[in-house]
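I opened the notebook to look up how this chain is put together. My notes follow in the order I made them.

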Amino acid sequence: MRTSLRTTALGIAGLTLAGGAIAAPALAADHAPTALAAPVSAAAASSGVDTGTLTPHGVQGEQSRITLSGEQTDNVKGIIAATKKAGMDERAAVVAIATALQESKLENLGHLGDRNDHDSQGLFQQRPSSGWGTVEQITDVEYSTTAFLNGLKAVDGWQDMPLTQAAQTVQVSAYPDHYAQWETQAAELVAQHWNS
């Protein structure tokens with residue numbers, strides 16, 4: 001089963017730009033990221049989560065940040081709950097949340113009409129036509145997170161990879177380095193909500 005999950009995960013296209021249509025908000029500059037040591041905030045560090053496990057490789061490149069609505073925060077909590085249910089650790093939640101920040105800004109997107117990237121939907125911009133599940137499934141936070149995490153589990157050595165490489169191996173995005181910009185905020189969100 002691990003082989004079929006890996007094959008599925010590696011064969012699934014993530015967010016791509018097609019014909020000028022973009023399914024997620026604007027992306028960061030196209031430059032190769034460089035490793036930076038950016039600690040998780042002191043407030044997050046006091047949450048009881050071992051912050052060393054959240055960003056074990058430091059972060060790469062400039063970091064982005066958005067202010068979250070109540071719905072986006074609920075989606076963070078849903079990703080964390082699904083990660084725990086899957087028996088995965090805080091680092092897996094950081095990778096998942098950073099991926100969802102890049103793909104959808106943590107908004108559970110339905111079909112975007114002319115702005116849609118093929119049939120990509122949900123937090124992770126998964127595609128029914130690529131085998132991620134039905135529209136109803138991939139717009140369900142627990143299901144879509146579990147599908148992403150199953151893809152991550154199938155990546156040999158994901159725990160030892162920089163976040164953007166682990167996310168890219170599952171998502172197969174046209175912009176593989178863009179996941180890196182969300183690592184600090186994702187780590188802070190996991191530290192804040194893991195034990196809540």
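Before anything else, I fixed what a touch is: contact means heavy atoms within 4.5 Å. By that rule, and not counting residues up to four places away in sequence, threonine 53 touches Glu90 and Arg91. I am working from a predicted model.

**Entry 1. Threonine 53.**
I looked up where this residue sits. Threonine 53 lies in the loop between α2 (42-45) and β2 (59-60). Is threonine 53 buried, exposed or partly exposed? Threonine 53 has a relative accessible area of 31%, so it is partly exposed. I also checked a partner far along the chain. Threonine 53 and alanine 187 are 134 residues apart in sequence, yet their C-alpha atoms are 9.3 Å apart in space.

**Entry 2. The whole chain.**
Next I stepped back. I find eight helices and two strands in the protein. Starting at the N terminus, the order of elements is α-β-α-β-α-α-α-α-α-α. Of the 196 residues, 49% count as buried. I then looked at contacts with a separation of 6 or more. Residues 24 or more positions apart account for 70% of these.

**Entry 3. The core.**
I went to the largest nonpolar core, which has 40 residues. Which of its members touch the most others? They are Ile79, Val95, Ile97, Leu106, Phe148, Leu152 and Trp158. I noted the helices that each supply at least two residues of this core: α3 (70-85), α4 (90-104), α6 (141-153), α7 (163-171) and α8 (183-193). The largest share, nine residues, comes from α4.

I picked leucine 152 for a closer look. Leaving aside neighbours within four places in sequence, leucine 152 is in contact with Met88, Ala92, Val95, Trp158, Ala166 and Val170.

**Entry 4. α4 against α6.**
I followed α4 to its contacts, beginning with α6. The axes of α4 and α6 come within 11 Å and cross at roughly 120 degrees. The angle makes α4 oblique to α6. I scored the crossing of α4 past α6 as right-handed. Which residues meet here? From α4 come Ala92, Val95, Ala96 and Thr99; from α6 come Phe148, Leu149 and Leu152. By class, this contact has six nonpolar residues, one polar and no charged. Leu152 and Val95 were already on my list of core members that touch the most others.

**Entry 5. α4 against α7.**
The axes of α4 and α7 come within 10 Å, crossing at roughly 70 degrees. That makes α4 roughly perpendicular to α7. This crossing, too, I logged as right-handed. On the α4 side I listed Arg91, Val94, Val95, Ala98, Thr99 and Glu103. On the α7 side I listed Leu163, Ala166, Ala167 and Gln171. The contact of α4 with α7 divides into six nonpolar, two polar and two charged residues. Arg91 links back to Entry 1, where threonine 53 touches it.

**Entry 6. α8 and its contact with α3.**
How many residues of α8 are buried? I count 10 of the 11, so α8 is largely enclosed by the rest of the structure. The buried residues of α8 are Glu183, Thr184, Gln185, Ala186, Ala187, Glu188, Leu189, Val190, Ala191 and His193. Ala187 is the residue I paired with threonine 53 by distance.

The axes of α3 and α8 come within 10 Å and cross at roughly 75 degrees. These two helices are therefore roughly perpendicular to each other. I wrote down Thr73, Val76, Lys77 and Ile80 for α3, and Leu189, Val190 and His193 for α8. By class, the contact of α3 with α8 has four nonpolar, two polar and one charged residues.

**Entry 7. Alanine 82.**
I finished on α3, the helix that holds alanine 82. Why does alanine 82 count as buried? Its relative accessibility is 2%, and buried means under 20%. Not counting residues up to four places away in sequence, alanine 82 touches Glu142, Thr145, Thr146 and Leu149. I met Leu149 earlier, in the contact of α4 with α6. Last distance: alanine 82 and alanine 147 are 65 residues apart in sequence and 10.0 Å apart in space, C-alpha to C-alpha.

How values were computed:
Residues are numbered from 1 along each chain as its sequence is written. This is a predicted model: local features need pLDDT of at least 70, side-chain atom pairs count only at pLDDT 80 or more; totals for chains, interfaces and linings use all residues. Side-chain values use heavy atoms; hydrogens and water are left out. A nonpolar core is a set of buried Ala, Val, Leu, Ile, Met, Phe, Trp, Tyr and Cys residues joined through side-chain atoms within 4.5 Å. Buried means under 20% relative accessible area, exposed over 50%, partly exposed in between (1.4 Å probe, protein chains only). Helices (H or I, at least four residues) and strands (E, at least two) are DSSP runs, numbered from the N terminus. Axes are lines fitted to C-alpha atoms, for helices over the stretch in contact, and angles run from 0 to 180 degrees between N-to-C directions. Angles under 35 degrees count as roughly parallel, over 145 as roughly antiparallel, 65 to 115 as roughly perpendicular and the rest as oblique. A crossing is left-handed if the near helix is turned anticlockwise from the far one by less than a right angle, and right-handed if clockwise. Ala, Val, Leu, Ile, Met, Phe, Trp, Tyr, Cys and Pro count as nonpolar, Asp, Glu, Lys and Arg as charged, and the others, Gly among them, as polar.
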